[in-house]
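Here are some short exercises to work through with the structure in view. Try each task yourself before you read its solution.

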Amino acid sequence: MGNFVPQVGRTGIQVTPNHFYKCELAARLALNAFGLSNMAATLEVRTFVPEGAGMGSSTSGVVASIRAIAKCVAAYRGSPVLMAPHLQAKLAVAAEHACDSLMFDCTSSTILFAQRMGEVVQLFNGPLPQMYILGFDTGAANGGIGTDRLPRARYSRDQIAAFGCALAVLERAIAEQSVTLAGRVATFSAIQSETALQNPLKKPKFDQLLRIKEDTGSAGIVVAHSGTVAGLIFDPHLADFRSRMDEAKAAIGRLGFDIRCTFSTPY
């Protein structure tokens, strides 16, 4: 949530909390886009997303700031202001160099999003299949990750070529609403992340997590590529779904990882 309040007689944007400098920059970029570059204001941003875990905390704050600007401009002009999601994405990338796709509504469709360009690369005809995710944190005790200070991951040519095959499988998973196929794509992506030529965010005890996936009948494992969180994918329609979840929770706890959240898709 962002609360933007214009002020007279001063310059600059004062943001709270003061370490949300990306939100301040996003607000300034949004004002520039509306031709209001000289406007001063206070900007208060509140997010309930844990920081540094790879769950989109920075993008949620940036998008909230941009939307607060649009709402303020609408009140100032006395007419509705609509900022399309792709424009929000462009501003978000300009503010934080890479962003998540939180500005897009994916309840009825699925997108492939280029996070460093802020562009939709591919639109899939349909939402993700209904899945239940058991989310956990592989590094909560370390205080989170500052991705701006880390080098980018690098993949081999063979890995990059294989991603194209994975996208074809994902398209089929969406068309068939198959949790099994979606889980395979997620697991493939996670394994490529762990075996990349360079990746500063490899997950600890990853092989043990793969064994838990197999032992509990999880459809797949998903990992954050910009943080410490990971998750196991389950098909909620299975008769023994709850017992599998309980078994997975216990096994993850024995590894010393904290359960972060559980959620289902599509949202």
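**Exercise 1.** Find how many bridges join β2 to strand β3, and which way the two strands run.

*Solution.* Step one: locate β2 at residues 13–16 and β3 at residues 40–45; strands here are DSSP runs of E with at least two residues, and helices are runs of H or I with at least four, numbered from the N terminus. Step two: count the bridges. Four join the strands, which run parallel; pairing takes at least two DSSP bridges. Step three: look across from Q14, and you meet T42 in β3.

This is a predicted model, in which local features need pLDDT of at least 70 and side-chain atom pairs count only at pLDDT 80 or more, while totals for chains, interfaces and linings use all residues. Residues are numbered from 1 along each chain as its sequence is written, and side-chain values use heavy atoms, leaving out hydrogens and water.

**Exercise 2.** Work out which side chains of β2 are buried.

*Solution.* First, recall that side chains in a regular strand alternate between the two faces of the sheet. Next, apply the cut-offs for relative accessible area: buried is under 20%, exposed over 50%, partly exposed in between (1.4 Å probe, protein chains only). I13 and V15 share one face and are buried, whereas Q14 and T16 point to the other and are not.

**Exercise 3.** Identify the buried residues of helix α6 (residues 206–216).

*Solution.* Begin with the list: F206, L209, I212, K213 and T216. Then look down the axis of α6: these buried residues fall within an arc of 110°, so they line one face of the helix; the arc is taken from the directions from the helix axis to the C-beta atoms. Finally, turn to the other side, where D207, E214 and D215 are exposed.
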